[in-house]
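Got your viewer open? Let's take a walk through this structure, one selection at a time.

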Amino acid sequence: MKTIIGSICIDGKREKSNQYFKRYKILIDSVLKHTNFSILMLTDKPHKFNYNNERVFIRDFNKLYLDEPKEVYGTFNFNLKRYPIKLCSELNFDYIFYNDCDCFYSGWHNESYLKMLEEDFDVYYATFYPRNTVRAQIDNPKDHPYTGRRVNSVKEAVTEEMLDAVVSVETRMLYKNNDKLKVMLDKWDEISRLCEKAEERTCPESTFFCMASQHAKMKATGVSKQIEIANYCNIIHGVASNKEQHGIDKPLKILNYFGIVLDRKDTEDEIISMLGI
């Protein structure tokens with residue numbers, strides 16, 4: 001059973017402050033060090049990626065998706081996250097583990113991961129609260145003021161059943177590479193086109209990919225809070241420049257799988273040193 005990590009790193013307004021082209025290196029190098037996974041990175045700056053490793057696949061966004069808008073509604077087009085998943089699905093892997101490019105791995109526990117794979121699932125989300133559905137958010141505009149408008153903007157692609165999708169965290173998603181995944185990606189394509197047409201905000205994209213998964217009749221579940229890999233699946237949150245600009249000490253938070261703060265650092269270089277990569 002082979003797993004590939006899929007991610008995307010695109011130059012944009014937040015690239016310099018968020019150091020994405022430094023963080024992608026942390027992700028790739030930590031994957032190579034701590035796991036036996038392969039990794040595919042979709043980027044519009046392939047010249048920045050210098051890897052001669054059969055486990056690393058670099059794909060050029062500008063060659064493959066030149067006509068795709070990098071921004072919608074004045075911000076990053078989060079629907080582009082479907083493309084590394086799609087590219088991974090065309091390779092010979094059983095599982096596709098989408099990771100944002102500011103994720104990384106500080107270790108690994110393969111036995112617990114293999115136990116995850118034994119479960120009956122089509123997609124694992126980091127969080128999964130059955131009451132937090134698209135329909136429930138639409139019915140509660142005070143707490144979710146944009147959900148109704150966003151769903152209405154793509155109503156041509158929406159069925160009543162899709163409103164029962166559980167809205168989950170989008171930072172990491174583990175998919176089985178099966179026929180349902182293709183159906184999901186096709187529906188996400190359709191939703192994305194309607195977002196572009198309506199110039200509708202694409203964040204949080206979890207609303208849309210969870211609806212697409214519901215349409216594909218994917219069996220969705222959440223990762224156990226007790227799983228051993230939780231503290232090894234990390235995320236960098238924050239901006240290093242906040243120390244100099246705003247006096248925030250150790251502005252980079254290191255989160256675990258579920259967004260709990262484990263540590264804090266001043267810079268990405270400190271994280272690289274910590275990991276020994």
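Start by selecting Phe-37: is this residue buried or exposed? Phe-37 is buried, because its relative accessible area is 2% (buried means under 20% relative accessible area, exposed over 50%, partly exposed in between, with a 1.4 Å probe and protein chains only).

A quick word on what you're looking at. This is a predicted model, where local features need pLDDT of at least 70 and side-chain atom pairs count only at pLDDT 80 or more, while totals for chains, interfaces and linings use all residues. Residues are numbered from 1 along each chain as its sequence is written, and side-chain values use heavy atoms, with hydrogens and water left out.

**Aromatic rings**

A search of the whole structure turns up 18 aromatic pairs (rings of Phe, Tyr and Trp, the last by its six-membered ring, with centres within 6.5 Å; planes under 30 degrees apart are stacked, over 60 edge-to-face, the rest tilted). Keep Phe-37 and add Trp-108: the ring centres are 5.3 Å apart and the planes sit at 80°, so this pair is edge-to-face. The two come from distant parts of the chain, 71 residues apart: Phe-37 is in the loop between α2 (20-34) and β2 (38-43), and Trp-108 in the loop between β7 (103-105) and α5 (110-117). (Helices, H or I, have at least four residues and strands, E, at least two; both are DSSP runs numbered from the N terminus.) Trp-108 counts as buried too, at 15% relative accessibility.

Now add Tyr-105 and Tyr-113, and you'll see a cluster that ring pairs build from Phe-37, Tyr-105, Trp-108 and Tyr-113.

Next, select Phe-121 and Tyr-124. Their ring centres are 4.5 Å apart with planes at 50°, so call this one tilted. Both residues are buried. Bring in Lys-176 as well: its charged end sits over the Phe-121 ring, 5.1 Å from the centre (NZ of Lys or CZ of Arg within 6 Å of the ring centre and within 35 degrees of the ring normal). For another such spot, go to Lys-2, which lies over the face of Phe-93 at 5.0 Å from the ring centre.

**Cysteines**

How many disulfides does a search of the whole structure find? Zero, taking a disulfide as a pair of cysteine sulfur atoms within 2.5 Å. Select Cys-88 and Cys-103: the Cys-103 sulfur is the closest cysteine sulfur to that of Cys-88, yet at 14 Å it is too far for a bond. Cys-88 is buried, with a relative accessible area of 0%.
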